[in-house]
Amino acid sequence: MLELRTLSKCFGGVQAVRDVSFAIEPGEIRGLIGPNGAGKSTLVNLISGLLRPTGGEIVLDGRSMTGLRADQCARNGIARTFQNLRLFSSLTVEQNIDVARQAGHDPALIDAALVEFGLTRHLARPAGALAYGDQRRLEIVRALALAPKLLMLDEPAAGMNEEETAALGQSLEWVRDAADCALLVIDHDLKFIMTLCHRIAVMDMGAVIASGDPAEIARNPEVIRAYLGDAGGDDAPQPTELVH
Ligand SMILES: Nc1ncnc2c1ncn2[C@@H]1O[C@H](COP(=O)(O)OP(=O)(O)OP(=O)(O)O)[C@@H](O)[C@H]1O
């Protein structure tokens with residue numbers, strides 16, 4: 001469905017993404033992990049049209065998306081949420097959703113998503129007054145209004161406790177089934193990613209250094225090195241501790 005072919009992005013002398021190639025299949029939940037500065041957000045910015053690649057190609061359902069603007073990518077079914085929330089914080093939850101509903105896709109899906117993400121009781125509240133976790137959930141519901149083929153989530157579990165994170169994982173599986181889309185999920189919570197994702201790509205210094213199922217990733221020596229090298233210390237989470 002989505003295919004990245006030797007995708008690259010340089011910022012001056014910094015090669016943030018280097019020759020990244022992988023494919024995401026329909027209905028797949030793909031994890032994307034890696035130490036700080038590995039290039040994960042830049043990759044999502046390239047796929048969603050916020051940045052133009054320096055080299056390589058982005059192909060969605062056989063059509064090139066390379067160099068399209070963000071609004072064109074969105075119209076073609078590529079939706080995303082942001083590491084730093086981008087809601088209309090003075091508008092109510094309902095008004096935030098209405099903005100999205102005007103996109104004209106499946107309103108029944110949005111209503112079902114509001115229930116799934118526990119947001120119906122907050123409809124009349126300003127988005128900015130919601131707890132942080134609810135704001136993150138609202139961003140996901142809003143992104144669904146685009147009827148995406150691919151939904152990319154940049155650190156959706158950030159700031160959530162363990163219970164909220166587990167519930168989020170279940171809701172994302174619901175999204176995959178109800179919206180019939182693939183998901184690309186970036187997060188630093190390795191337990192969350194390893195529980196949720198069928199396959200995981202690991203980036204370090206702009207490149208994909210490993211790709212596979214959670215068990216393969218957890219025992220990959222390069223992955224362990226990248227994580228220990230980044231986090232250091234005895235408290236650093238080891239991928240092998242996190243597979244169930
Ligand atoms: N607009 C920019 N201009 C210059 N350099 C940038 C820009 N955006 C990112 N970079 C650099 O590109 C590299 C990759 O950054 P990126 O934010 O994609 O990493 P990341 O894996 O998402 O990190 P994190 O987990 O901390 O969010 C870093 O060296 C970063 O400093």
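Which residues of helix H4 are buried? Let's start there. One caution before the answer: this is a predicted model.

H4 covers residues 107-116, and its buried residues are Ile110, Ala113, Leu114 and Glu116. They span an arc of only 160° around the axis, so they sit on the same side of H4. Now turn the helix around. On the other side, Ala108 and Val115 are exposed. Then look just past the end. Gly118 follows H4, and its phi is positive, near 65°.

Next, the ligand. What surrounds it? The shell is Phe11, Val14, Ala16, Gly34, Asn36, Gly37, Ala38, Gly39, Lys40, Ser41 and Thr42. By class, that gives 4 nonpolar, 6 polar and 1 charged residues. Two elements, strand S2 (14-24) and helix H1 (40-47), each supply at least two residues of this shell. H1 gives the most, with 3 residues.

Where does H1 lie? It lies across S1, S2 and strand S4 (55-60). Relative to S2, H1 runs at about 65°.

That brings us to the sheets. A quick reminder: strands of a sheet pair through backbone hydrogen bonds, either parallel or antiparallel. This model gives us both kinds to look at.

Take the antiparallel one. Here 4 strands form an open sheet, in the order S2-S1-S4-S5. The edges are S2 and strand S5 (63-64), and each of these pairs on one side only.

Zoom in on S1 and S2. Strand S1 covers residues 2-11, and 7 bridges join S1 to S2 in the antiparallel sense. Two of the partners are worth picking out. Leu4 has Phe22 in S2 as its bridge partner. Phe11 has Val14 in S2 as its bridge partner. You have met that second pair already: Phe11 and Val14 are both among the residues around the ligand.

The hairpin of S1 and S2 has 2 residues between the strands. Gly12 in this hairpin takes a positive phi near 55°.

Now the parallel pairing, centred on S8. Is strand S8 mostly covered or mostly open? Mostly covered: S8 is residues 182-186, and 5 of its 5 residues are buried. Ala182, Leu184 and Ile186 point one way from the strand. Leu183 and Val185 point the other way, and all are buried.

S8 has two parallel partners to show you. Strand S3 (residues 29-33) pairs with S8 over 4 bridges, in the parallel sense. There, Ile29 has Leu183 in S8 as its bridge partner. Strand S7 (residues 150-154) also pairs with S8 in the parallel sense, over 5 bridges. In that pairing, Leu153 stands opposite Val185 in S8.

Last topic: backbone angles again, away from glycine this time. Which residues come up? Asp19 has a phi near 50°, a positive value in a residue other than glycine. Asp19 is found in strand S2. How covered is Asp19? It is partly exposed, because 15 other C-beta atoms lie within 10 Å.

Asp61 is the other case on my list. Its phi is positive, about 45°, although Asp61 is not a glycine. Asp61 sits in the loop between S4 and S5. With 13 other C-beta atoms within 10 Å, Asp61 is partly exposed.

To wrap up, go back to S2. It is an edge strand of the open sheet, it supplies at least two residues of the ligand shell, and it holds Asp19. That's all from me.

Conventions. Residues are numbered from 1 along each chain as its sequence is written. This is a predicted model: local features need pLDDT of at least 70, side-chain atom pairs count only at pLDDT 80 or more; totals for chains, interfaces and linings use all residues. A residue is near a molecule or strand if its C-beta atom, placed from the backbone, lies within 6 Å of it. Ala, Val, Leu, Ile, Met, Phe, Trp, Tyr, Cys and Pro count as nonpolar, Asp, Glu, Lys and Arg as charged, and the others, Gly among them, as polar. A residue is buried if 20 or more other C-beta atoms lie within 10 Å of its own, exposed if 12 or fewer, and partly exposed in between; C-beta atoms are placed from the backbone. The arc is that of the directions from the helix axis to the C-beta atoms. Two strands pair if DSSP finds at least two bridges between them. Two residues are in contact if their C-beta atoms, placed from the backbone, lie within 7 Å. Axes are lines fitted to C-alpha atoms, for helices over the stretch in contact, and angles run from 0 to 180 degrees between N-to-C directions.
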